[in-house]
Amino acid sequence: LSNAVKGVWASLFTKRAVASRRAAGVAQANACMAVWIQELEAADISFILMSHNPINNNPNEVYVELAPGLGETLATGATRGTPWRMSIDVTTNQVQMLAFASFSSGFTGSENGTSEGMGSRVTDYSQHFLNTDTSARNALGLHLAGIAKYLEQTLGGPQDVEGALDANGNVWIVQARPQP
C-alpha cells in the first residue's frame, strides 16, 4: 500500500502532469495531490462520464463511456475493443447510443474486493443488458446523467467522473475532477 501511495504522489511530477499545469496556467508550487484509499469494488461495468459532452462541447449533453469489469479497460486502453458510448441530452432526457461495446473480455477483481483472483472475464454481448434492453439502457443513461449534473452543480463546474456499477446496479463514484 505504501508503494502505491508513493506512486500516486510521484505522478504529480510526471512530464504530462507538469505540462498540463503549465498549459492551464497553474503554478507548479500550487499543485498538490491527495490519495483516497478504499476497498476495491467488484465492478460489473466501469464508466467515465463527462458532464459537458466533449465531442460537441454541448453543456446540455452528458457523454458516457462504459466497459465491462474494472476501469482499467477504459483508463489504459490495454484491452482492445470499443466501449459502449452514449450521450444524454438533459433538456429532453434523450439517450442516444453512439457505439456498442466490442471488448473480448473485461478485467475483473475478486468477489471479495481483494487483488486475489484478478483476471479477465469474457463478456457475452448478445446477452448483455446494454445491448438487449433499451429501457434499462436508457434508465442507466438518465441515472448517470443525473449524477453528472449533480456533481457539476455541487463541485462548481463541468466534471470528468470515473465510477463503476456493481452486479446489483449500485453506482460507485471513484473520482471526480474538473473537466478539461
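Contact here means that heavy atoms lie within 4.5 Å. The exercises below concern a predicted model.

**Exercise 1.** Describe the surroundings of Asp89, and find which side chain of opposite charge is nearest.

*Solution.* Begin with the position in the fold: Asp89 belongs to strand S3, which covers residues 84-89. Next, list the contacts, leaving aside neighbours within four places in sequence, and Asn60, Glu61 and Gln94 are found to touch Asp89. Finally, consider charge: a salt bridge would require a side-chain nitrogen of Lys or Arg within 4 Å of a carboxyl oxygen, but the nearest side chain of opposite charge, that of Lys149, is 9.0 Å away, and Asp89, although buried, has no salt bridge.

**Exercise 2.** Work out which elements supply the largest nonpolar core, and where Leu144 fits into it.

*Solution.* The core holds 22 residues, and those touching the most other members are Phe47, Leu49, Val64, Leu66, Trp84, Met86 and Leu144. At least two residues come from each of strands S1, S2, S3, S4 and S7 and from helix H5, with H5 giving the largest share, six residues. Leu144 is one of the buried residues of H5, and, beyond residues up to four places away in sequence, Leu144 touches Phe47, Leu49, Val64, Leu66 and Val171.

**Exercise 3.** Check the length of H5 against the expected span.

*Solution.* H5 has 22 residues, so at 1.5 Å a residue the helix should span 32 Å, and the distance of 31 Å between its end C-alpha atoms agrees with this. Just after H5, Gly156 adopts a positive phi of about 85°.

Notes:
Residues numbered from 1 in each chain as written. Predicted model: local features only at pLDDT ≥ 70, side-chain atom pairs only at ≥ 80, totals over all residues. Heavy atoms only, no water. Helix = DSSP H or I, 4+ residues; strand = E, 2+ residues; numbered from the N terminus. Buried < 20%, exposed > 50% of the residue type's maximum accessible area, 1.4 Å probe, protein only. Lys, Arg positive; Asp, Glu negative; His and termini not counted. Core = buried A, V, L, I, M, F, W, Y, C linked by side-chain atoms within 4.5 Å. Expected span 1.5 Å × (residues − 1).
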